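I opened the notebook today to record a few look-ups, going from the overall arrangement down to single residues.

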There are 2 protein chains.
Amino acid sequence: MGLEVVVPPGDLIRLGGAFRKDVSGYDLKRLIVGSEGTLALITAAWLRLMPAPEAAHPVVAFFASTESGCAGLEAVLGNGVTAAALDYLDAGALDHASGSYPGDVPNEARFMLLAEADGSTAEAARVRNELLEVLAEEAITVETPEPKALWRWRDGVSIAVAAALGGKVSEDIEVPVDRLADVIRETVEIGRRHGLEALSWGHAGGGNVHATFLVSRDDGGNLAVAEEAASDLFKLALALGGSISGEHGLGSAKRRHAGWPPRIEALHAEVKTAFDPKGLLNPGKKL
Amino acid sequence: MGLEVVVPPGDLIRLGGAFRKDVSGYDLKRLIVGSEGTLALITAAWLRLMPAPEAAHPVVAFFASTESGCAGLEAVLGNGVTAAALDYLDAGALDHASGSYPGDVPNEARFMLLAEADGSTAEAARVRNELLEVLAEEAITVETPEPKALWRWRDGVSIAVAAALGGKVSEDIEVPVDRLADVIRETVEIGRRHGLEALSWGHAGGGNVHATFLVSRDDGGNLAVAEEAASDLFKLALALGGSISGEHGLGSAKRRHAGWPPRIEALHAEVKTAFDPKGLLNPGKKL
């Protein structure tokens with residue numbers, strides 16, 4: 001809701017505060033949030049706290065194909081079911097992670113959706129039942145696993161995938177949800193063109209894809225090839241009207257892939273100069 | 001979620017799009033939202049739609065004082081009751097508007113809270129019961145009026161207040177919720193110092209106050225005095241760590257009251273110059 005920041009060379013300013021709405025000036029607060037330390041140093045923040053949900057029930061569905069899984073996802077969104085989480089694993093991610101799944105993964109499963117219903121006890125139960133009903137149409141099986149074991153397993157997916165060959169290059173792109181199936185297929189195809197195993201998982205409900213290329217630790221050249229594959233992936237995200245970064249920013253590694261047209265490049269440079277004319281803050285990052 | 005805009009002299013750019021998260025660059029989209037047409041012309045927008053609630057139940061509580069009303073409001077927020085609306089009327093606003101209220105206003109009522117519970121049928125009923133329980137502690141009476149009649153009446157509050165003397169100067173400040181009672185009292189006090197009847201109503205849950213000074217149409221000098229009273233009100237909002245505009249922007253009328261320190265003034269000017277170096281867009285507004 002508000003930030004207290006220091007702007008170079010040393011101006012302490014407050015933007016927003018302990019109140020909900022502020023339309024008195026340009027939204028400089030939002031400009032600083034996500035700026036990766038390149039515009040200002042944040043010295044204090046006012047946060048809005050939300051009550052923790054009384055109950056949370058995960059619902060897991062397995063599908064025979066990416067297409068039927070994405071149809072299931074769109075049915076959840078299209079029916080206005082307000083899930084608190086809507087994650088997915090593609091066939092490749094499932095292959096590497098299903099061994100430790102706290103339950104049975106059907107042999108023919110090529111796509112997995114993990115949804116969660118939360119809220120008051122009654123509301124969480126109601127949304128869980130809606131998820132079960134909507135997902136049953138396309139799924140092979142739908143189940144309600146024990147939350148702790150499920151999310152502990154989900155947290156380990158990245159590690160299980162990395163363990164396959166010893167290393168991975170994982171990117172974090174964002175695309176319109178109705179292009180999710182295309183991106184999941186194309187990720188595997190981009191890997192194939194570069195001679196790499198590729199797979200993905202992510203936060204399907206928002207169109208977020210953790211596209212991943214597996215590399216061996218014994219083969220140094222592997223990593224350079226995976227970086228080329230990632231470059232193709234970023235081009236795909238931009239071509240589909242998406243973003244090359246949904247969660248983790250640009251840093252110095254992804255900056256050259258931003259693909260901004262000249263005017264957006266210029267606006268970024270001018271914003272940076274307004275806040276930090278001498279380039280003192282986190283140089284080489286974000287822009 | 002996304003904007004297509006034209007930036008002077010004629011660059012068409014897209015910021016964000018049909019996806020949830022984007023942290024690839026500075027949040028230029030948020031900078032344009034609320035910029036009152038001074039940075040860019042919006043030619044298309046991607047919106048996120050939320051399912052309409054199945055049910056909505058208003059809950060109205062009357063209190064014997066501003067203090068007990070604000071205590072009731074803080075009890076709703078402090079108990080984590082997720083009301084969809086939390087509006088208030090102070091004693092002066094009630095005086096002018098209670099005549100047409102679709103129900104009985106207790107004689108001793110000096111403060112009114114209008115809350116709304118919404119969501120699925122069961123969830124809306126659950127939240128309504130929580131509101132009734134929490135508000136009953138401090139209120140004289142708590143009731144669940146018919147929604148349409150209640151909100152039609154609420155929409156008419158501004159007109160009822162204006163009708164008292166024929167005119168009003170109404171401002172829209174935002175303060176931390178725990179200072180709401182102070183602001184309600186101070187609004188009346190500022191009016192008194194200027195020889196004007198003053199009152200307020202607003203969106204209490206977010207700390208939004210429609211502070212209002214009544215003026216007569218027959219007395220031209222009245223209006224200038226009310227503008228001076230409004231100026232005192234803006235100083236009060238800033239002194240309390242709030243904002244001089246929660247909803248309606250600055251335009252040309254409120255700009256001189258912004259009270260920004262020099263560095264914030266400079267940042268606004270530099271942002272404006274980056275987007276619109278020749279000052280073509282909505283000149284004289286916002287900054």
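The entries below cover the symmetry, the core, one helix pair and two individual residues.

Entry 1, the two copies. I note at the outset that this is a predicted model. I superposed chain A on chain B and found that a rotation of 180 degrees, with 0.0 Å of shift along its axis, brings them together at an RMSD of 0.0 Å. I therefore wrote down the relation as that of a two-fold axis. Both copies use the same surface, since 98% of the contact residues of chain A recur in chain B.

Entry 2, the core. I looked up the largest nonpolar core, which has 124 residues, and the residues with the most contacts inside it are Leu28(A), Phe275(A), Leu28(B) and Phe275(B). I then asked which residues Leu28(A) touches, leaving out those up to four places away in sequence. In chain A the list holds Leu15(A) and Phe275(A), and in chain B it holds Leu31(B), Ile264(B), Leu267(B), His268(B) and Val271(B).

Entry 3, a helix pair in chain B. I took helix H2 (residues 66–78) and helix H7 (residues 180–193), both of chain B, and found that they pack at an angle of about 150 degrees with their axes 9 Å apart. Because angles over 145 degrees count as roughly antiparallel, I recorded H2(B) as roughly antiparallel to H7(B). The crossing in which H2(B) passes H7(B) is right-handed. For the residues that meet, I listed Thr66(B), Glu67(B), Cys70(B) and Leu73(B) from H2(B), and Leu180(B), Ala181(B), Ile184(B) and Arg185(B) from H7(B).

Entry 4, Leu238(B). I located Leu238(B) in helix H8 (residues 220–239) of chain B, and I entered it as partly exposed because its relative accessibility is 33%. Its C-alpha atom is separated by 8.8 Å from that of Ala258(B), a residue 20 residues apart from Leu238(B) along the chain. Setting aside neighbours within four places in sequence, I found Leu238(B) in contact with Ile244(B), His257(B), Ala258(B) and Gly259(B).

Entry 5, Pro51(A). I placed Pro51(A) in the loop between strand S3 (41–46) and strand S4 (55–63) of chain A. At 44% relative accessibility, Pro51(A) also counts as partly exposed. Pro51(A) and Gly119(A) lie 68 residues apart in sequence, and I noted 9.4 Å between them, C-alpha to C-alpha. When I asked what Pro51(A) touches beyond residues up to four places away in sequence, I found Gly80(B) and Thr82(B), which belong to chain B.

How values were computed
Residues are numbered from 1 along each chain as its sequence is written. Chains are lettered from A and ligands numbered from 1 in the order in which they are written. This is a predicted model: local features need pLDDT of at least 70, side-chain atom pairs count only at pLDDT 80 or more; totals for chains, interfaces and linings use all residues. Side-chain values use heavy atoms; hydrogens and water are left out. A nonpolar core is a set of buried Ala, Val, Leu, Ile, Met, Phe, Trp, Tyr and Cys residues joined through side-chain atoms within 4.5 Å. Buried means under 20% relative accessible area, exposed over 50%, partly exposed in between (1.4 Å probe, protein chains only). Contact means heavy atoms within 4.5 Å. Copies are superposed by least squares on the C-alpha atoms of residues with pLDDT of at least 70 in both. Axes are lines fitted to C-alpha atoms, for helices over the stretch in contact, and angles run from 0 to 180 degrees between N-to-C directions. Helices (H or I, at least four residues) and strands (E, at least two) are DSSP runs, numbered from the N terminus. Angles under 35 degrees count as roughly parallel, over 145 as roughly antiparallel, 65 to 115 as roughly perpendicular and the rest as oblique. A crossing is left-handed if the near helix is turned anticlockwise from the far one by less than a right angle, and right-handed if clockwise.
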